[in-house]
Amino acid sequence: MKQIWFAAICLAATGAVAQDLPPQTLFTNVHVFDGRHGERLENASVLVEGNLIKSVSTDAITAPEAELIDGGGRTLMPGLIDSHVHFSAYTPIAIQGRQNVNEFMVGALATVRGEAMLMRGFTTVRDTGGPSTYLRKLFDANLAPGPRVYGAEAMISQTGGHGDFRGLTNENPNFGDGPQHWYERHLGYIVDGPHEFARAARESFRNGADFFKVFVSGGVASEFDPIHALQSTPEELAAVVQVAEQAKTYVTAHCHTAEGVHHALDAGVHMLEHVPMIGNTPEEIERAVARIVESDVFVEFNTGTVLGRSLEELRAMLSPESYTKVIPAILAYRAALRAFGEHGAKFVYGTDLVAPWGGGTLATEARLQLAEFGIYMEFFDNLSVLKSATLWGGEVAAMTGPNNPYPQGPLGVIKEGAYADILLVNGNPLDDPAMLADHAANLHLVMKDGIVFKNTL
């Protein structure tokens, strides 16, 4: 009787333990691109337990309780990372955007856009300006499907800078009764002087920012700042860098020009966005790129939203002032990209994705978000193109340090202990990264955080 009683207790305990184990998914018959190496791991299996990768092996993996997914000889690879989007900015994003898009429309469309990005294979995105961390809470709780979100919250801009989207007759929020529009409360703080720059960074951090975004040159979409002009004083930039370093995170800078590159690096900025117009001569371009590489900072290009659009599209989307400013950037991009490729710069896949409001929104976004792959292949080797959207994107995510909202494992890689953000795709992306652009035909499975969101196998 005692032996039967003891056996019953053991069986009950075993059942309880089994119920407490996290769910498992076993991928078999796959070739693994791990985000790091230039060759796939052939005929492999990958075991996911809970939201992490438990094992990657060419030997058979025994997991009798796991849900089995036969990859059918497809490539298993990390989920893609878009390191430059804007969930809360819309085109035209200057005067018209301020007047015609309110917070309710922003939140609704951002949720729809997040699901579409995930279905295209982007399991992580980095929002470089505007409200976005509210979406992280929504997506992480699986109240709606969407990618992981890293966000800068409000951009930090000087008066008349690239983050100042007021119309010509709008009051400066610091001269009257405070912000007149939600843009000045949430999309970009308009501030001047080191003290205000520091306070703006602290306010963004309080609102959930994982890193900070500043401006060191003019931009295209804003109407009143010449693209060649320097923005932010050295003291203003240093103030934000100090706040970031005290918070143990980093600062990224919008930068179009060579002068802006040196201005940002002198101040200790940790990353640069765009960088097309970085020299008027080969020697100037060489000097700027060499300094970026020597400083060991990441760059992000977002070529698709510029080179991926026709001049007719750009003219229809932008104000006359902004259209005039985009032309020199278009003309300069290829020389800069060629120099970055020759120097082996570390770059991340980033699209500067800003939503067009109205018909065709998602179709337009899909084309622009995936256009980078084909453009990059003109200047970089295939492995670097793929690393930009996987491994290197994960390294930039990790630059948030102890503020990282996803601290359990690395992103952008397939290895034991990494987050289970996984794609199954046709063919071998190492042979042709641009095949990822045809997500409808080539992307068959999307898993984020151990949960399958798309499966057309």
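A salt bridge is taken here as a side-chain nitrogen of Lys or Arg lying within 4 Å of a carboxyl oxygen of Asp or Glu. By that criterion Arg113, Arg120 and Glu365 are linked in a network of salt bridges, and the structure, which is a predicted model, holds 16 salt bridges. Side chains of opposite charge can pair when their charged atoms come close. The paragraphs below follow several such pairs and then turn to a charged residue without a partner.

Two of the pairs bring together distant parts of the chain. Asp449 forms a salt bridge with Arg148, and the closest N and O atoms of this pair are 2.9 Å apart. The two residues are 301 residues apart, with Asp449 placed in the loop between β18 (443–448) and β19 (451–455) and Arg148 in strand β8 (residues 148–151). As for their surroundings, Asp449 counts as partly exposed because its relative accessibility is 26%, whereas Arg148 counts as buried, its relative accessibility being 2%.

The other pair consists of Lys346 and Asp296, which form a salt bridge whose closest N and O atoms are 3.3 Å apart. This pair also links distant parts of the chain, 50 residues apart: Lys346 belongs to the loop between α12 (320–343) and β15 (347–348), while Asp296 belongs to the loop between α9 (282–294) and β14 (298–300). Lys346 has a relative accessible area of 26% and is therefore partly exposed, whereas Asp296, at 53% relative accessibility, counts as exposed.

A further salt bridge joins Lys54 to Glu49, with the closest N and O atoms 4.0 Å apart. Lys54 is partly exposed, since its relative accessibility is 39%, and Glu49 is likewise assigned as partly exposed, with a relative accessible area of 24%.

Which side chain of opposite charge is nearest to Glu372, and how far away is it? The nearest is that of Arg309, at 9.1 Å, and Glu372, although buried, has no salt bridge. Because a salt bridge requires the nitrogen and the carboxyl oxygen to be within 4 Å, the separation of 9.1 Å from Arg309 leaves Glu372 without such a pairing. Glu372 lies in helix α14, which covers residues 372–376. The side chain of Glu372 does, however, make a polar contact of 2.9 Å with the side chain of Thr303. If residues up to four places away in sequence are not counted, Glu372 touches Asn302, Thr303, Gly304 and Thr305, together with Tyr349, Gly350 and Thr351.

Note on methods
Residues numbered from 1 in each chain as written. Predicted model: local features only at pLDDT ≥ 70, side-chain atom pairs only at ≥ 80, totals over all residues. Heavy atoms only, no water. Helix = DSSP H or I, 4+ residues; strand = E, 2+ residues; numbered from the N terminus. Buried < 20%, exposed > 50% of the residue type's maximum accessible area, 1.4 Å probe, protein only. Lys, Arg positive; Asp, Glu negative; His and termini not counted. Polar contact = N/O pair within 3.5 Å; in protein donor to acceptor, adjacent residues only side chain to side chain. Contact = heavy atoms within 4.5 Å.
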